[in-house]
Each structure stands twice: as structure tokens, then as C-alpha cells.
Amino acid sequence: MTAVPLSMVVNGKPVTAEVEPRTLLVAFIREHLRLTGTHIGCDTAQCGACTIHMNGQAIKSCSIVALQAADAEILTIEGLSAEGAPLHPMQQAFSKHHALQCGYCTPGMVMTALDIVKEYPAPTREEVAHGLHGNLCRCTGYRNIIDAVMSGAKAMSEPGHESMNKEP
Ligand code: FES
Ligand code: FES
């Protein structure tokens, strides 16, 4: 199949490549860009492990082809904090609340959590649980994940963290 030129901005950096039209966005992110924090759990838009932000909204990156993200702004888990800098408050909250075991679901959970906080800056437990509906975790039983999102949302609302509510 003929490769097609593609450009987008990923974690604030312009990216250009040639991709086959059938390449999924998640495959482009992982295999071409080597950003392997975005995981593949099911490939059928069920599990949420591949969640990223496209133009400021959480999407499952296995559910579209890379060409559908042409000229888009993409944010992956790697874009949440600069190398060597402290983790994003939402990542810190996941760590503090033991919201992961194997960690496979965690990048997708964090990216979805940030989408929830964008919509509900001070979410209720119900709003968090509802917002995480499309993200599956086989290990934790979800309670600690909801605790972490509540705590991360609170940390993000504190002075000095306002910028964390915006896409980089
Ligand atoms: S890999 Fe995309 S939703 Fe499971
Ligand atoms: S921590 Fe293992 S799948 Fe969620």
C-alpha cells in the first residue's frame, strides 16, 4: 500500500512521517514515534489503555487511523511532565493512592482522568466513576483509582497548578 505524508504536533513537537493509510493512531504513536507509554489492551476500543488527547479531548487511539489525526495536537502520557521534572499532580495522586498494580491501564486512566477534571474541576465520586467507564483495570478494583482522581483533581485546583488544567 502506498505511504501517505502525515504531519501533527505531538507533545508540543511537530512530527512528520509517511504512513500507510490503514495504520492506527496507536500504532503510529508506539511504533513510529516510540512513545510506548500509550498501551494496546484490546485494539477494539473496549479497554481504554490507548487513551490519549487529540485537540484537547480524550480519545481511544486504537479507534482511528493516524491519518485522521493529520494536523492535530496530540498529547500522550509522556507529554504530561518534562524529563527530569516532577510528575504531573494526577500521576503523583495515582502513586500516592496506590491506584495501580501492574500499571498496564494506568497511562490511559490518567489521560481519561485529566479529561474528567477538564469537565468537572471538582468531580464527585459518581462523576469520576462514570467518566472512567470506558477504561478497564484488571487489578485494582477501581476504588483506589477513583480516590486518586479525586485527589489529583484537588491538587490541580490548588494555586500554582492552574496550568496543569490546560494542554501543554
Ligand atoms: S487498545 Fe484501545 S481501547 Fe483497548
Ligand atoms: S493496574 Fe493492572 S490493569 Fe490496571
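## Two domains and a shared core

Student: Which residues does the domain assignment give to domain 1 and domain 2?

Tutor: This is a predicted model. The assignment gives two entries for the protein, domain 1 and domain 2. Their bounds are 4-80 for domain 1 and 89-165 for domain 2.

Student: What distance separates the centres of the two domains?

Tutor: Take each centre over C-alpha atoms. The separation between domain 1 and domain 2 is then 21 Å.

Student: How many residues does each domain bring to the contact?

Tutor: Residues count as touching when their C-beta atoms lie within 7 Å. On that basis, domain 2 gives twelve residues. Domain 1 gives 15.

Student: Which strand supplies the largest share of the side of domain 1 that touches domain 2?

Tutor: Strands S3 (51-54) and S4 (57-60) each supply at least two residues of that side. The largest share is three residues. The strand behind that share is S3.

Student: How many residues of that side of domain 1 are charged?

Tutor: Seven residues there are nonpolar. Eight are polar. The charged count is no residues.

Student: Which residues have the most contacts inside the largest nonpolar core?

Tutor: This core has 45 residues. Domain 1 and domain 2 each give at least three of them. Elements giving two or more include strand S1 (4-10), helix H3 (106-119) and helix H5 (143-157). The residues with the most contacts inside the core are Val110, Ala113, Ile145 and Val149.

Student: Which residues does Val110 touch?

Tutor: Leave out residues up to four places away in sequence. Val110 then touches Ile77, Met90, Gln91 and Phe94.

Key. Residues are numbered from 1 along each chain as its sequence is written. Chains are lettered from A and ligands numbered from 1 in the order in which they are written. This is a predicted model: local features need pLDDT of at least 70, side-chain atom pairs count only at pLDDT 80 or more; totals for chains, interfaces and linings use all residues. Domain bounds come from an automatic or database domain assignment. Two residues are in contact if their C-beta atoms, placed from the backbone, lie within 7 Å. Helices (H or I, at least four residues) and strands (E, at least two) are DSSP runs, numbered from the N terminus. Ala, Val, Leu, Ile, Met, Phe, Trp, Tyr, Cys and Pro count as nonpolar, Asp, Glu, Lys and Arg as charged, and the others, Gly among them, as polar. A nonpolar core is a set of buried Ala, Val, Leu, Ile, Met, Phe, Trp, Tyr and Cys residues joined through C-beta atoms within 7 Å. A residue is buried if 20 or more other C-beta atoms lie within 10 Å of its own, exposed if 12 or fewer, and partly exposed in between; C-beta atoms are placed from the backbone.
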